[in-house]
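Visitor: I should like to learn how to read a model of this kind. Might we begin with the overall fold and then turn to the surface?

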Amino acid sequence: MVFDVVEETTNLAQRTHNAVVERSVRRFAPVEPATSTAKAITGVETAISGGVFESIRVVNGSSPLSRHSARARLGPRAGTSTTCRHPSTGFGAII
């Protein structure tokens, strides 16, 4: 489904982004003043980018057509229940 592709693409983009940031910090490791500054900047930058990636996941999961949203709207059927968990947050509901 398209929403699963968006989720996996977001995860891949975030992992790639984090790897690039980590490589940048390691470049400054031999020089102490630069290391501390790089780590501080990286912490702020990672918090911002993490918020962006999580926003993409929230919008993707809350779309009226997404699998998670549709299950939440349909509710229980004929006495059966299924646990549905959002892959990145772990929040779930019994449907």
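Guide: The following turns go from the whole chain to one helix and then to a surface patch. Please keep in mind that this is a predicted model.

Visitor: Which secondary structure elements does the protein chain contain, and in what pattern?

Guide: The protein chain has three helices and two strands. Along the sequence their pattern is α-α-α-β-β.

Visitor: What share of the residues counts as buried?

Guide: Burial is judged by relative accessible area, with under 20% taken as buried. Of the 95 residues in the protein chain, 24% meet that description. The accessible surface of the chain is about 6,600 Å², and carbon and sulfur atoms account for 66% of that area.

Visitor: How does the span of helix H1 compare with the expected value?

Guide: An expected span rests on a rise of 1.5 Å a residue. Helix H1, residues 2-27, has 26 residues and reaches 38 Å from its first C-alpha to its last, close to the expected 38 Å.

Visitor: Which residues of H1 are buried, and what covers them?

Guide: The buried residues of H1 are Phe3, Glu7, Thr10, Asn11, Gln14, Val21 and Val25. Their cover includes helix H2, residues 32-62.

Visitor: Which residues make the nonpolar surface patch?

Guide: Val2, Val6, Val44, Ile48, Val52 and Ile56 form a nonpolar patch of about 500 Å². H1 and H2 are the elements that each give two or more residues to this patch, and H2 gives the most, with four.

Visitor: Why does valine 6 count as partly exposed?

Guide: Valine 6 lies in helix H1. Valine 6 counts as partly exposed because its relative accessibility is 30%, and the partly exposed class runs between the 20% and 50% limits.

Methods: Residues are numbered from 1 along each chain as its sequence is written. This is a predicted model: local features need pLDDT of at least 70, side-chain atom pairs count only at pLDDT 80 or more; totals for chains, interfaces and linings use all residues. Side-chain values use heavy atoms; hydrogens and water are left out. Buried means under 20% relative accessible area, exposed over 50%, partly exposed in between (1.4 Å probe, protein chains only). Contact means heavy atoms within 4.5 Å. Patches are made of residues with over 30% relative accessible area and no salt bridge: like charges are joined within 9 Å, nonpolar side chains (Val, Leu, Ile, Met, Phe, Trp, Tyr) within 5 Å. Accessible areas come from the Shrake-Rupley method with a 1.4 Å probe; for residues, only the protein chains shown count as cover. A salt bridge is a side-chain nitrogen of Lys or Arg within 4 Å of a carboxyl oxygen of Asp or Glu.
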